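Here's a quick tour of the model, going from one helix out to the whole chain. Keep the viewer open while you read.

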Amino acid sequence: MILLVGTALTVGAAFIDFKYGLNAIVAMTIAVAKATFVVLYFMHVRYSSRLIWVILAAALFWMALLFAFTLADYFTRGWIPSTY
């Protein structure tokens with residue numbers, strides 16, 4: 001039921017033009033909330049052992065690290081002029 005509500009929110013948000021270009025932020029917030037619900041309840045992480053929580057935390061940390069390095073590379077391109 002909660003995923004249907006999340007999907008309805010996603011569809012509803014797609015038809016609304018938010019100010020200051022917040023459409024992507026609203027869509028990603030809804031998507032993260034739905035993904036969190038899926039991981040916690042459908043993958044049974046909510047009631048699992050602490051080892052599963054540690055593995056989940058390590059996976060999220062690794063993903064954050066990969067995003068950080070990718071964005072660091074992306075945002076620094078073109079700042080140093082080419083000597084060619």
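## The third helix

Helix α3 runs for 27 residues and covers 39 Å from its first C-alpha to its last, close to the 39 Å expected at 1.5 Å a residue. Bear in mind that this is a predicted model.

Right after α3 comes G78, and its phi is positive, near 85°.

## A nonpolar patch

F67 sits in helix α3. It belongs to a nonpolar surface patch together with L60, M63, L71, Y74 and F75, and the group adds up to about 660 Å² of accessible area.

Why might such spacings work in a helix? An α-helix has 3.6 residues a turn, so residues three or four places apart point the same way.

## One salt bridge

How many salt bridges does the count come to? Just one salt bridge is counted. The partners are R77 and D73, whose side chains meet at 2.7 Å, N to O.

Are these two residues buried or exposed? R77 has a relative accessible area of 56%, so it lands in the exposed class, where the cut-off is over 50%. D73 has 38%, so it is partly exposed.

## The loop before α3

Now for M43, which you'll find in the loop between α2 (23-42) and α3 (50-76). With a relative accessibility of 54%, M43 counts as exposed because the cut-off for that label is over 50%.

How far apart are the C-alpha atoms of M43 and T70? They are separated by 28 Å, with the two residues 27 apart along the chain.

## The whole chain

Zooming out, the protein chain has three helices and zero strands, and from the N terminus on its elements read α-α-α. Its radius of gyration is 18 Å, well over the 12 Å that the globule rule gives for 84 residues, so the chain is more spread out than a compact globule. If you prefer box dimensions, the C-alpha trace spans about 55 × 40 × 15 Å along its principal axes.

What share of the 84 residues counts as buried? The figure is 5%. As for the surface, the protein chain exposes about 7500 Å², and carbon and sulfur atoms supply 77% of that area.

Conventions: Residues numbered from 1 in each chain as written. Predicted model: local features only at pLDDT ≥ 70, side-chain atom pairs only at ≥ 80, totals over all residues. Heavy atoms only, no water. Helix = DSSP H or I, 4+ residues; strand = E, 2+ residues; numbered from the N terminus. Buried < 20%, exposed > 50% of the residue type's maximum accessible area, 1.4 Å probe, protein only. Salt bridge = Lys/Arg side-chain N within 4 Å of Asp/Glu carboxyl O. Patch = residues over 30% accessible without salt bridge, like charges linked within 9 Å, V, L, I, M, F, W, Y side chains within 5 Å. Areas by Shrake-Rupley, 256 points an atom, 1.4 Å probe, with all protein chains shown as cover. Expected span 1.5 Å × (residues − 1). Rg over C-alpha atoms; globule rule 2.2 N^0.38 Å.
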